[in-house]
Amino acid sequence: MKYRRHEAKDYARGLLQGVWTALPYNFTADDRLDEAAIAFNLEHCISELHVAGHYCSGNVAEFWALTNEERMRAHEINVEVNKGRVPLIAGCHHQNPYEVVQLCRHAESIGIDFAIVLTPYQAARSDEAVYEFYRFICERVNIGIVLFNIPAHYYPISAALAQRLAGLPNICGFKQAGPQPAATIRLRELVGAELVVSVADETPWLHNLSVFGDRWLLNFCPHLYQVPGYLPVHDYTQAAWSGDFNRAVAIARELNSVRAVHAKWITGYGGGNSRIPSHEQKIWMEMLGMKGGGVRTPCTLMSTAAEQQLRADLEATGLPGKARAARSEARRAA
C-alpha cells in the first residue's frame, strides 16, 4: 500500500481531483473478457483524452455479471496498462462482505489506490445495517474506501449516516448519485472537510466546481463526450479553475447537443429506463473509435431499429466526425 489506513483521508485529498472516467468491460465472441479491448480503451482515455483517473469495475462495467476472478483480472489489466500514470479506483461491490474484503485486498496487493463499495443490495434496510457493513469491511482492509450512494436503487446514505461513516479511518470519499441538490449540499456541509465528494453527473459539474468548490468529477461521460484533439470537459474544467469562466461556459455549451443524445439513450444508468443501456454505451464508444462489442446477460442488445436511431442521433452532433478526423490526422502524421 502507498499509505496507511489512518492516512487514507489525506491521501485521497491529494489524488481525488480532476475529471475521471469509468469504462465498460469488453467481451469476446465466446463471452470471455476481451483483455486487448479493455487495455486499448484505458490507454485511449489516459494518453488521448487525458483523464485524471479511472474507476474500474463500476456499473457500466457490468460488475454484477462478472466472477470475482474476472474482476480481479480486469483490475490487473488496468494496473498493467496504467503504469502508475493516473490514480485508479477498484469497484469492489458485492452483497457478501467477505467477497468485498477479498476484492479490496487484491486491489491493495496490486497497487490500486482506492476501492469503491456500494451499499449491500439486500438486507440493508437501516442506517445501522449499512454502518455495520462498512465497519466490517474497513476493519479488515487498509485501502481507502469511497462510499457509493445510489438512493434510487439501494438504501440511501444520508448526510447524517455519511458523517458517522466518515469516522471510520479508511472511509475517504463519497460518490453521490442522488439527484437532489439539497441532499448533496447538506452532505458537503457535514462531511466535505473529511471526505472528497463527487457528484456522479457531468451536467452540473461546472456549477459544482465554480459555486461549491468541488474538485472531483467521477462519471462515465468523459470518454463519451471527448475525442483526441477535442477535450471539452477537460478544457472547460481547466478554464474554470484558472478563473476564465467566460471561456469555461462557452466550451461547456458546445456539449449541449451531445448531452441531449446522452439524455435520450443513456442518462440514469441502471434506472429510469426499461433496459440497462450497456449496449448503447458500447455502440457510442465504437462510433468514437474505441472498442465496444456485446454485453453479458442479463444485459441485452439494442434492437436494430433502436441502434440505427442512436447512431443517427449521435452522428448529427458532429462528435463522430471529429473522431474520424482525428484518426485521419494521426494516420497522416504516422
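Author: In this predicted model, a pocket is an open set of grid points with protein on both sides within 12 Å along at least five of seven lines, and a residue belongs to its lining if one of its atoms is within 4 Å of a point.

Reader: Which residues lie nearest the centre of the largest pocket, and how many line it?

Author: The lining of the largest pocket is made of 41 residues, and those nearest its centre are Gln-176, Ala-177, Gly-178, Ala-200 and Asp-201. Two or more lining residues come from each of β6 (171–176), α7 (181–191), α8 (205–212) and α12 (256–265), and α7 gives the most, with four residues. The space in this pocket comes to about 810 Å³, and its lining divides by class into 20 nonpolar, 16 polar and five charged residues.

Reader: α8 has just been named as part of that lining; which of its residues are buried?

Author: Trp-205, Leu-206, Asn-208 and Leu-209 are the buried residues of α8, and they pack against β1 (18–22), α7, β7 (196–199), β8 (216–218), α10 and α11 (245–253). After α8 comes Gly-213, which has a positive phi near 80°.

Reader: What makes an enclosed space a cavity, and not a pocket?

Author: A cavity is a set of points where a 1.4 Å probe fits but cannot get out, whereas a pocket is open. The structure holds one cavity of 30 Å³ or more, and about 40 Å³ of space lies in the largest cavity. Its lining consists of Leu-23, Pro-24, Tyr-25, Asn-26, Ile-38, Asn-41, Leu-42, His-54 and Asn-78, with helix α2 (residues 35–48) giving the largest share, three residues. By class, five of the lining residues are nonpolar, four are polar and none is charged.

Reader: Why is Asn-78, one of the residues lining that cavity, called buried?

Author: The relative accessible area of Asn-78 is 1%, and a residue counts as buried under 20%, so Asn-78 is buried. This residue lies in helix α3 (residues 68–82) and, leaving aside residues up to four places away in sequence, touches Tyr-25, Ile-38, Leu-42, His-54, Cys-56 and Leu-88.

Reader: What lies 2.8 Å from a polar atom of the side chain of Asn-78, and how does that distance stand against the limit for a polar contact?

Author: The backbone oxygen of Ala-74 lies at that distance of 2.8 Å from the side-chain polar atom of Asn-78, and the limit for a polar contact is 3.5 Å, so the distance falls within the limit.

Reader: How do you know that Pro-232 and Ala-239 are buried?

Author: The relative accessibility is 1% for Pro-232 and 3% for Ala-239; the cut-off is 20%, so Pro-232 counts as buried, and so does Ala-239. Helix α10 (residues 232–241) holds Ala-239, and Pro-232 is found in α10 as well. Not counting residues up to four places away in sequence, Pro-232 touches Tyr-225, Gln-226, Ile-251 and Leu-255, while Ala-239 touches Asp-244, Arg-247 and Ala-248.

Reader: Which residues touch the most other members of the largest nonpolar core?

Author: They are Ile-89 and Trp-284, in a core of 110 residues to which helix α5 (residues 127–138) gives the most, with seven residues. Beyond four places in sequence, Trp-284 touches Leu-224, Tyr-225, Val-258, Val-261, His-262, Ile-266, Leu-310, Leu-314 and Leu-319.

Reader: Why is Asp-31 called partly exposed, and why is Ala-123 called exposed?

Author: Exposed means over 50% relative accessible area and buried under 20%, with partly exposed in between. Asp-31 has 36%, so it is partly exposed, whereas Ala-123 has 62%, so Ala-123 is exposed. Asp-31 is in the loop between β1 and α2, and Ala-123 in the loop between β4 (114–118) and α5.

Reader: What is phi in Asp-31 and in Ala-123?

Author: Phi is near 70° in Asp-31 and about 75° in Ala-123, a positive value in each case although neither residue is a glycine. Most residues other than glycine have a negative phi, and most peptide bonds are trans.

Reader: Where is a cis peptide bond found?

Author: The cis peptide bond joins Thr-297 and Pro-298, with omega about 20°, and Pro-298 lies in the loop between α13 (278–287) and α14 (304–316).

Key: Residues numbered from 1 in each chain as written. Heavy atoms only, no water. Points joined across faces, edges and corners; volume = space filled by probe spheres on them. Nonpolar A, V, L, I, M, F, W, Y, C, P; charged D, E, K, R; others polar. Buried < 20%, exposed > 50% of the residue type's maximum accessible area, 1.4 Å probe, protein only. Polar contact = N/O pair within 3.5 Å; in protein donor to acceptor, adjacent residues only side chain to side chain. Contact = heavy atoms within 4.5 Å. Core = buried A, V, L, I, M, F, W, Y, C linked by side-chain atoms within 4.5 Å.
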